[in-house]
Amino acid sequence: MSSSLSLQPSNSPTPLTTTTPPGLRRRTTKVAAAAAYSTTTPGEFDHLNIQDALQAMDNLVPSLIAPSLKRLTAGLPRQELDLMKREADAAMQDLEKEIRILEGSIGIKGDAPAATTVGASEDTKKKEEETTMKKEETEDVTKTTTDTKPKKSLKRPLPPLDIPGGPPTTLTTADAMLTSEIIPSDRYFTVAALLGRLRDCVETDPPPNSARHRKMLEEKLNIQSMACQAVAAAAAAKDSGSKDIVEKEAGGVTPTASGKNVAVGGGGNNNADLNVILETLEKERQQKQTLLDKQRALLALEENELYRKKHTETATLLSLWKRISSHRTATVFRKPVNAREAPGYSDRIIFPMDLSLIRRMITTGMIVSYADLHERIGLICHNCVKFNGRESDYGLVTREFESFVDDTIVTAVTTASEVAAAAAAAAAAAMAQQEIENTTANASSLSTSNHS
């Protein structure tokens, strides 16, 4: 079930409402800026196309998602990638089933499956998994009959995300879907881990009923409300031709969704409010631009030969490891996970990794490049989000930690490239100087021989 659905459960928090007329609710902030500009002196607003810039950035994001997902899976073991593929297929099947149930609940005709009990649905799902497992085992046996050494299959059944005391893992009614914080992609550990490692600007929306989604929605509604009210205020001031009439009809102030009063009368106050809106949008534009630049820098690492260049000595990588390990969010990743403190960890996490193990891998020559270090730390983050969930506290800490690691690796590679470029330029200059000296010496020698 897509998180973009606008259906609201009966017991969910009521979205913020505004006093904005229906016809103005879909106006963009660019209209607000243009309307304000028509009632003020030229040059008062320097950024009338901020909304266009924000929209252009949003249009660019989809092209970055696929390469970003590929980058995040670069260091994962083959068995983990295989499990992720099978979980993604299962999540897609669940999504299609839930969509048909939702369509049937609102009267859209289709092949909506009959709503069954949760227990029956779970039994059916288990039988399907057992059948799949038997088929895979048969295929593995058939493949290994010609091999001298049979290979053990590492494929495991797909475990749905089980939350003690939470909603059922298999949803069969529209009400259950609308009140649950878990969507199909979050019911499978490995897929949820991949989504949980994405961050702005390519981060996917959180589950519809989660606290983070409600906060995000409130922020968007507040900005939209302020922009729409600014449009209404500017239009009213322009049509009336009199500030006094506007103040009398509007009562002087209009409450916004955030509870603040925005003056709709008086050109000075109106312009000040619009300036605040534009400043907010400009900050958002700058933040998105920074995030886009970071994503581009991460994707450009593979094009830099120094990213995968082998280091003959461990000093550089150990120094980088120390910087990463000293970060405040690295505390939970410095040592192996204690199985007693995290029951079921060894069953769910096939390839455990921690910072102390990474240090040993550097000193023993198993990690020899920036890329190796980056990918092993990525496995730490993958395991943490996979076990704890992308919306858990550990999931949020993991995103912050991996963001710091990404920035640190990019900085290290960039610095190394600059040093290499400077060294190459110095060598070229020295070679050019040597050629000049040789040419001068040859000319002097030739002149001496001619005189003699």
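Asp58 comes out as partly exposed in this predicted model, its relative accessible area being 34%. That puts Asp58 somewhere in the middle, because buried means under 20% and exposed means over 50%. Its side chain has a partner: Asp58 and Lys288 meet in a salt bridge, with 2.7 Å from N to O. This pair joins distant parts of the chain, as Asp58 sits in helix H2 (residues 50–60) and Lys288 in helix H10 (residues 267–299), 230 residues apart. Lys288 is partly exposed too, though at 21% relative accessible area it falls just on that side of the 20% limit for buried.

How many salt bridges turn up in the whole structure? A search finds 17, and a couple of others are worth a look. Take Glu80 and Lys386, which form a salt bridge whose closest N and O atoms are 2.7 Å apart. Glu80 belongs to helix H4 (residues 78–105) and Lys386 to helix H14 (residues 370–388), so this bridge ties together parts that lie 306 residues apart in sequence. Are these two residues buried or exposed? Both Glu80 and Lys386 turn out to be buried, whereas Asp58 and Lys288 are partly exposed.

Then there is Arg308, which pairs up with Glu302 in a salt bridge, the closest N and O atoms being 2.8 Å apart. Arg308 has 40% relative accessibility, so it counts as partly exposed. Glu302, with a relative accessible area of 47%, is also partly exposed. The story doesn't stop at two residues: salt bridges with shared partners link Glu302, Arg308, Glu375 and Arg376 into one network.

Back to the stretch that holds Glu80. According to the UniProt record, an unreviewed entry, residues 78–105 and 271–298 carry the annotation "coiled-coil region". In the model, the span of residues 78–105 is 100% helix and 0% strand, and its end C-alpha atoms lie 41 Å apart.

Helix H3 (residues 62–72) gives a neat example of a helix with two sides. Which of its residues are buried? They are Leu64, Ser68 and Leu72. Looking down the axis of H3, these buried residues fall within an arc of 65°, so they line one face of the helix. Pro62, Ala66 and Lys70, on the other side of H3, are exposed.

Terms used
Residues numbered from 1 in each chain as written. Predicted model: local features only at pLDDT ≥ 70, side-chain atom pairs only at ≥ 80, totals over all residues. Heavy atoms only, no water. Salt bridge = Lys/Arg side-chain N within 4 Å of Asp/Glu carboxyl O. Helix = DSSP H or I, 4+ residues; strand = E, 2+ residues; numbered from the N terminus. Buried < 20%, exposed > 50% of the residue type's maximum accessible area, 1.4 Å probe, protein only. UniProt positions renumbered as here; feature names shortened; annotations may be inferred. Arc of directions from axis to C-beta.
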